[in-house]
Amino acid sequence: MRRKIHELQPNRALRLVDRWRPRSEIRSWVDGLTGERLTARKLSRLRGRGWFTLHAIQWASGADIDHLTIGPAGVFAINSKRHRGKAVWYGDRAITVNGAPTRHIAVSQSEARRVSRILSQRCGVDVPVRPVISVVHASKLTIKGANPPVLVLAVEHLDQVLSGLSPTLSTDQVAHIYGVARRAQTWAS
């Protein structure tokens, strides 16, 4: 993200000004970077408890996986979404931000399926991946639904919720999946 911000505006002074201009492309990228950093900070609290996290995993297309967390409770593809001061509502199949629909659910599910397919191929065993959306700086987060397909959490609760889930992977399975996931060639195709 930092690279993209620098590409959009190489001049440091102008970049700083653009950060505060409403609807500026740089402001959007800076907001995204801030959300990813806060999510990464929360996920770092899982380290030492059998969890491993990779950040900004690059696909060959140039897109990336914000965070991939692997631990006793499984494998999670986590998207950071910063919606500063906005009301976020999540039902079984949709997320709205200040009443406007988003594609967050579909995108997260698609990414998790793709990650699962690649890790399963490379690991030689089925590797289910659960999609997660980390909501950062929303004024209100409302979640409706009994068993939502995507885990949507306020960033403040991310580490607590993940570490509180029932274990599904052994220490050896976690180590194997992490070893495969950390290789750049895993994601090159």
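**Exercise 1. Place S116 in the predicted model and describe its surroundings.**

Step 1. In this predicted model, S116 is found in helix 4.

Step 2. The relative accessibility of S116 is 14%, and because a residue counts as buried under 20%, S116 belongs to the buried class.

Step 3. Once residues up to four places away in sequence are set aside, S116 touches V127, P128 and V129.

**Exercise 2. Work out which residues of helix 6 are buried, how they are arranged around the axis, and what covers them.**

Step 1. Helix 6 runs over residues 171-181, and its buried residues are V174, I177, Y178, V180 and A181.

Step 2. These residues lie on the same side of helix 6, because the arc they cover around the axis is only 160 degrees.

Step 3. The face turned away from that buried side carries T171 and D172, which are exposed.

Step 4. The cover over the buried residues of helix 6 includes strand 1 (52-58), strand 2 (64-71), strand 3 (74-82) and helix 4 (104-123).

**Exercise 3. Decide whether L54 is buried or exposed, and list its contacts beyond its neighbours in sequence.**

Step 1. L54 has its place in strand 1.

Step 2. With a relative accessible area of 15%, L54 is buried, since the cut-off for this class is under 20%.

Step 3. When neighbours within four places in sequence are left aside, the residues in contact with L54 are D66, H67, L68, Y178, A181 and R182; two of the names here, Y178 and A181, also appear among the buried residues of helix 6.

Step 4. As a distance to check in the structure, the C-alpha atoms of L54 and A77 are separated by 9.9 Å, the two residues being 23 residues apart along the chain.

**Exercise 4. Trace the open sheet of four strands and identify its edges.**

Step 1. The strands follow the order 6-5-4-8, and their pairing is mixed.

Step 2. Strand 6 (100-101) and strand 8 (140-143) are the edge strands, since each pairs on one side only.

Step 3. Strand 4 (residues 87-90) pairs with strand 5 (residues 95-97) in the antiparallel sense, over three bridges, and W89 has T96 in strand 5 as its bridge partner.

**Exercise 5. Characterise the second largest pocket by volume, lining and residue class.**

Step 1. The volume of the second largest pocket is about 290 Å³.

Step 2. Its lining consists of 17 residues, of which G74, V75, P128, T168 and L169 are the closest to the centre.

Step 3. Strand 3, strand 7 (129-136) and helix 6 are the elements that give two or more residues to this lining.

Step 4. Sorted by class, the lining holds ten nonpolar, five polar and two charged residues.

Notes
Residues are numbered from 1 along each chain as its sequence is written. This is a predicted model: local features need pLDDT of at least 70, side-chain atom pairs count only at pLDDT 80 or more; totals for chains, interfaces and linings use all residues. Side-chain values use heavy atoms; hydrogens and water are left out. Buried means under 20% relative accessible area, exposed over 50%, partly exposed in between (1.4 Å probe, protein chains only). The arc is that of the directions from the helix axis to the C-beta atoms. Contact means heavy atoms within 4.5 Å. Two strands pair if DSSP finds at least two bridges between them. On a 1 Å grid over the protein atoms alone, a cavity is a set of points where a 1.4 Å probe fits but cannot get out, and a pocket is an open set with protein on both sides within 12 Å along at least five of seven lines; lining residues have an atom within 4 Å of a point. Grid points are joined across faces, edges and corners, and a volume is the space filled by probe spheres set on the points. Ala, Val, Leu, Ile, Met, Phe, Trp, Tyr, Cys and Pro count as nonpolar, Asp, Glu, Lys and Arg as charged, and the others, Gly among them, as polar.
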